[in-house]
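Me: I am new to this structure and would like to learn how to read it step by step. Could we begin with how the exposure of a residue is judged?

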Amino acid sequence: MPAKKPLVIVTRKLPEAVETRMRELFDARLNLDDAPMTAAALAEAVAKADVLVPTVTDRIDAKLIAKAGPNLKLIANFGTGVDNIDVKAAAARGITVTNTPGVLTEDTADMTMALILAVPRRLVEGAKALEEEKFTGWSPTWMLGNRLQGKRLGIVGMGRIGQAVARRARAFGLGIHYHNRKPVHADIEQALEATYWDSLDQMLARMDIVSVNCPHTPATYHLLSARRLKLMKPSAYIVNTARGEVIDETCLAQMLDKGQLSGAGLDVFENEPAVNPKLLKAPNVVLLPHMGSATLEGRTDMGEKVIVNIRSFVDGHAPPDRVIPAML
Ligand code: 8YV
């Protein structure tokens, strides 16, 4: 008799190909209308599922994990960041957590580079001026932005995505600087011609553009605090495609409003989907609705990673993308 298929509850709608494969392999409960699950629905899901597949929009905290039934042994996150999950509480209850690293690196780096270009070159402002019929003809001094070539880019977090941003930025003539918990391997540093700054404060004070590419963990919450944001040059730009929580958003909004920073490109926000109203009004910002990894290819690859993690776990092997609590 074939083994019973695991009950896999997926909290949001996933790409068609991923859902089809999940239906074949698992007793998959899919969310076809994509409405985010309520706290009560999530509690019901953890009480009966063998595997839960949440996304960034689901808060899997200690309180919810305490409601897990005896069958729940794996939380296979559809996403790389796991700040939506209390990984320690899960581990304490014997629940493994996996994520989907690697497959959204290039897409997220593309979006970061798009923002690095869009903000100093005023792309969105220009397009809007045209839409609003404010283009009355070319002028030598209209819509002047700032050149990228020769400027200094400071990358906060030189992991996979940070390095992919650095590769792109070099092609645009930006000098690469970075702050990380520790320097990357000398070969990588050399290939990227990257300068390591042990002191984030000192790096921030000297950069023309700062890109946030680190995960959100207790250690990086408000890493770009009010004090640190104020170290930046008023002519500098800031780009964030990682997590809103890494920047003190209230302070950033105030500084942009007062012209204490030149502009910001933000794909993520501290209280998503809410966006600070001051940011929405600032003229010098490009705001995107958390779409850094939003390609069909990327989201399909993420789904495939989720499936591989579930299958290896169910087959009694260590899942390839296990999140180790001690490493967070
Ligand atoms: C994902 C992300 O789309 O993977 C991440 O950490 O931020 C996003 O790009 C999202 O998390 C899906 O859950």
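Reply: A residue counts as buried when its relative accessible area is under 20%, as exposed when the value is over 50%, and as partly exposed in between. Please keep in mind throughout that the model is predicted.

Me: Is Thr 295 then buried, exposed or partly exposed?

Reply: Thr 295 has a relative accessibility of 24%, and because this value falls between the two cut-offs, the residue counts as partly exposed. As for its place in the chain, Thr 295 sits in the loop between β12 and α13 (296–314).

Me: Which contacts does the side chain of Thr 295 make?

Reply: A polar contact is a pair of N or O atoms within 3.5 Å. In this model, the side chain of Thr 295 makes such a contact with the side chain of Asp 107, at 2.8 Å, and it also reaches the backbone nitrogen of Gly 298 at 2.8 Å.

Me: How far apart are Thr 295 and Leu 104 in sequence and in space?

Reply: Along the sequence, 191 residues separate Thr 295 from Leu 104, whereas in space their C-alpha atoms are 8.8 Å apart. Leu 104 also belongs to the residues that surround the ligand, among them Thr 55, Val 56, Arg 243, His 290 and Met 302.

Me: What kinds of residue form the shell around the ligand?

Reply: The shell divides into four nonpolar, six polar and two charged residues.

Me: Which protein atoms lie at short listed distances from oxygen atoms of the ligand?

Reply: From the backbone, an N or O atom of Phe 78 lies 2.5 Å from a ligand oxygen, and an N or O atom of Thr 80 lies 2.7 Å from a ligand oxygen. From a side chain, an N or O atom of Ser 293 is 2.6 Å from an oxygen atom of the ligand. The ligand on its own has 330 Å² of accessible area, and the protein covers 89% of that area.

Me: What can be said about the second largest pocket, and which residues lie nearest its centre?

Reply: This pocket holds about 450 Å³ of space, and it is lined by 25 residues, of which Glu 125, Ala 282, Pro 283, Asn 284 and Val 285 lie nearest the centre. The elements giving two or more residues to this lining are α6 (123–131), α12 (277–281) and β12 (285–287), and α6 provides the largest share, with five residues. By type, the lining of the second largest pocket divides into 15 nonpolar, four polar and six charged residues.

Methods: Residues are numbered from 1 along each chain as its sequence is written. This is a predicted model: local features need pLDDT of at least 70, side-chain atom pairs count only at pLDDT 80 or more; totals for chains, interfaces and linings use all residues. Side-chain values use heavy atoms; hydrogens and water are left out. A residue is near a molecule or strand if one of its heavy atoms lies within 4 Å of it. A polar contact is a pair of N or O atoms within 3.5 Å; within protein, one must be able to donate a hydrogen and the other to accept it, and residues adjacent in sequence count only if both atoms are side-chain atoms. Accessible areas come from the Shrake-Rupley method with a 1.4 Å probe; for residues, only the protein chains shown count as cover. Ala, Val, Leu, Ile, Met, Phe, Trp, Tyr, Cys and Pro count as nonpolar, Asp, Glu, Lys and Arg as charged, and the others, Gly among them, as polar. On a 1 Å grid over the protein atoms alone, a cavity is a set of points where a 1.4 Å probe fits but cannot get out, and a pocket is an open set with protein on both sides within 12 Å along at least five of seven lines; lining residues have an atom within 4 Å of a point. Grid points are joined across faces, edges and corners, and a volume is the space filled by probe spheres set on the points. Helices (H or I, at least four residues) and strands (E, at least two) are DSSP runs, numbered from the N terminus. Buried means under 20% relative accessible area, exposed over 50%, partly exposed in between (1.4 Å probe, protein chains only).
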